[in-house]
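Trainee: Could you help me learn how to read buried and exposed parts of a protein?

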Amino acid sequence: MGSVPAFHNFRLLRPIASLHVSTETMPNPHPSLAVTGGARDAFLPALKTLDRPYSPFPVVGWNPHVETIFAAFFRSLPDVRLKRECLRTKDEGSVALDWVSGDHQQLPSDSPILILLPGLTGGSEDTYVRQMLLRARSKGWRVVVFNSRGCGDSPVTTPQFYSASYLGDIREVVAHITTRYPTANLYAVGWSLGANILVRYLGQESHSCPLSGAVSLCNPFNLVIADEDFRKGFNIVYDKALARALCRIFKKHALLFEDMGGEFNIPLAANAKSVREFDEGLTRVSFGFKSVDEYYSNSSSSDSIKHVCIPLLCIQAENDPIAPSRGIPREDIEANPNCLLIVTPKGGHLGWVGGAEAPFGAPWTDPVVMDFLEHLERGSPEALASCSDAKNDMKQSSEDLHSLEV
């Protein structure tokens, strides 16, 4: 599985108790939104747009498949100049970090940092990623897109892609960024599979998590349930499309997988007609699972929620065809004093074509996400002092990470 750095003795960066909670009358979210979670009272006053009804854009937002496809093909792509940093990991793999060009010189070193984790096969060129990047940057945040192995034209240097189960890369990325900007608070936003990986990371790090807050969007949470629904009805279209994308990435780097023995089924992976076939031929074997079902079961983030110890906002769409609402761990979110869940009645997958910028601009979620993150960043001034020990510990763990500007 590759070498995973061991980090010890972190302290919680920004506990809920340290956050400012408004003494104003608690606002009620609009009845069109389902808002729950153990942190509801702490965070709801900061989310000022939730008193308005969720209004999907006419026609486009009425059907989950139309909305999902429309957002994927017709949402505008902001023009942002990026500078790529290729990070070599401890197992000799590579990931690509895309920073906004010029920010290293233009922004103060203690500007808050937002790490963006795209969905399966996604990267810096995805419209939902660019829209969030642009919004955060306009608020003075330093933003970096974490392109996983093979995604966003990230180089593949070993016969291993990323997976829902592997957290080594995100640990090393966070350690690397923390070392570069030791006085800045770190936050993360993940979409779809990126959200699943992010929440699993938060749960595993638990009290030692070096992030100050996180947001999960369109998280499938329970990959067994998601896999069941993925192979039904119109969802087969998405399944085949994602399988084709995985095969394209694989074929670019096929020579790395020559002569792979054991349980690997390289022809199946190279010609997979579904995500499940790709995972059967390659992913589950690479990461040591006996079956695809075992891989999905052990890689689900639904079991991680109860261990999350930093502020976490989860936003889901009730009609999401790829991240089924029945997979949301509602009871654990309700019981966790660090978590808030917003479920919109519509939105599709990575859609949310609604709000002031619909239909071609930023999704409805972006202003909510930014309100949440800025509320955390405005929290207690002592948060920086409380996280300094954790960041110093991480600096030692990341000394042997090598990066190359390209």
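Mentor: Happy to; we will go from single residues to a core and then to a surface patch. Keep in mind that this is a predicted model.

Trainee: Let's start small. Is alanine 42 buried or exposed?

Mentor: Buried means under 20% relative accessible area. Alanine 42 has 14% relative accessibility, so this residue counts as buried. You will find alanine 42 in helix α1, residues 40-43. Its C-alpha atom is 9.9 Å from that of proline 311, although 269 residues separate the two along the chain.

Trainee: What should I look for next, beyond one residue?

Mentor: In soluble globular proteins, nonpolar side chains tend to be buried together. Here, the largest nonpolar core has 65 residues. Helix α6 (residues 193-205) supplies the largest share of this core, with six residues. Another core, of 41 residues, lies apart from it and includes Trp141 and Leu376.

Trainee: Which residues have the most contacts inside the largest core?

Mentor: They are Ile115, Leu198, Tyr201, Leu202, Leu211 and Leu312. Take leucine 312: leaving aside residues up to four places away in sequence, its contacts include Val199, Leu202, Ile305 and Phe372.

Trainee: And which residues form the nonpolar patch on the surface?

Mentor: Ile69, Phe73, Phe74, Phe234, Val237 and Phe360 do, with about 620 Å² of accessible area together. Helix α2 (residues 64-74) gives the most to the patch, three residues.

Trainee: Why does phenylalanine 234 count as partly exposed?

Mentor: Partly exposed lies between the 20% and 50% cut-offs. Phenylalanine 234 counts as partly exposed because its relative accessibility is 39%. Look for this residue in the loop between α7 (223-230) and α8 (235-252).

Notes: Residues are numbered from 1 along each chain as its sequence is written. This is a predicted model: local features need pLDDT of at least 70, side-chain atom pairs count only at pLDDT 80 or more; totals for chains, interfaces and linings use all residues. Side-chain values use heavy atoms; hydrogens and water are left out. Helices (H or I, at least four residues) and strands (E, at least two) are DSSP runs, numbered from the N terminus. Buried means under 20% relative accessible area, exposed over 50%, partly exposed in between (1.4 Å probe, protein chains only). Patches are made of residues with over 30% relative accessible area and no salt bridge: like charges are joined within 9 Å, nonpolar side chains (Val, Leu, Ile, Met, Phe, Trp, Tyr) within 5 Å. Accessible areas come from the Shrake-Rupley method with a 1.4 Å probe; for residues, only the protein chains shown count as cover. A salt bridge is a side-chain nitrogen of Lys or Arg within 4 Å of a carboxyl oxygen of Asp or Glu. A nonpolar core is a set of buried Ala, Val, Leu, Ile, Met, Phe, Trp, Tyr and Cys residues joined through side-chain atoms within 4.5 Å. Contact means heavy atoms within 4.5 Å.
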